[in-house]
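Here are a few exercises to work through with the model open in your viewer. Try each task before you read its solution.

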Amino acid sequence: MAEQAKPKAPPTKRTSAERAAKTAEAKHQQNKSVKSTAKSLITIAEQAIAGGDKDKALTAVTAAMSSLDKSVKNKVLHLNTASRRKSSLMKKFQKAFGKG
């Protein structure tokens, strides 16, 4: 005779803490990616400023500032942190190319 199949056990319930931990880890990975991109764009902008090409530097600085603004909007970075980084970047740009 064929053996009887075992009844399936019901899936175990996950606690709210387990769900929260999984969500927190997913958000952490996404935030890490956004921060890394912003830092990379800042580095590219600083290199463009050091390179001496004003148009290229302006484009890179604009992209870096936009990335910082988006990260603030999505609550990845604090407003003051982004403002400080943008200010520092603009000081470097103005020192290299003047205000005008």
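**Exercise 1. Compare the expected span of H2 with the distance between its end C-alpha atoms.**

Solution. Step one: helix H2 covers 54-73, where helices are DSSP runs (H or I, at least four residues) numbered from the N terminus. Step two: the expected span is 1.5 Å times one less than the number of residues, so the 20 residues of H2 should span 28 Å. Step three: the end C-alpha atoms of H2 are 28 Å apart, which agrees.

Before going on, some ground rules. This is a predicted model, in which local features need pLDDT of at least 70 and side-chain atom pairs count only at pLDDT 80 or more, while totals for chains, interfaces and linings use all residues. Residues are numbered from 1 along each chain as its sequence is written, and side-chain values use heavy atoms, leaving out hydrogens and water.

**Exercise 2. Find which residues of H2 are buried, and work out how they are arranged about its axis.**

Solution. Step one: apply the cut-offs, with buried meaning under 20% relative accessible area, exposed over 50%, and partly exposed in between (1.4 Å probe, protein chains only). Ala57, Ala60, Val61, Ala64, Met65, Ser67, Leu68 and Ser71 are the buried residues of H2. Step two: look down the axis of H2; its buried residues fall within an arc of 155 degrees, so they line one face of the helix. The arc is taken from the directions from the helix axis to the C-beta atoms. An α-helix has 3.6 residues a turn, so residues three or four places apart point the same way. Step three: turn to the face away from the buried side, where H2 carries the exposed residues Asp55, Thr59, Lys70 and Lys73.

**Exercise 3. What do the two serines Ser67 and Ser71 touch?**

Solution. Contact means heavy atoms within 4.5 Å, and residues up to four places away in sequence are not counted here. Step one: Ser67, with a relative accessible area of 12%, touches Thr37, Ala38 and Leu41. Step two: Ser71, at 1% relative accessibility, touches Val34, Val76 and Leu77.

**Exercise 4. Which helix supplies the largest share of the largest nonpolar core?**

Solution. Step one: a nonpolar core is a set of buried Ala, Val, Leu, Ile, Met, Phe, Trp, Tyr and Cys residues joined through side-chain atoms within 4.5 Å. Step two: among the 16 residues of the largest one, Ala45, Ile49, Ala57, Val61, Leu68, Leu89 and Phe93 touch the most other members. Step three: H1 (16-51), H2 and H3 (79-97) each supply at least two residues, and the largest share, six residues, comes from H2.
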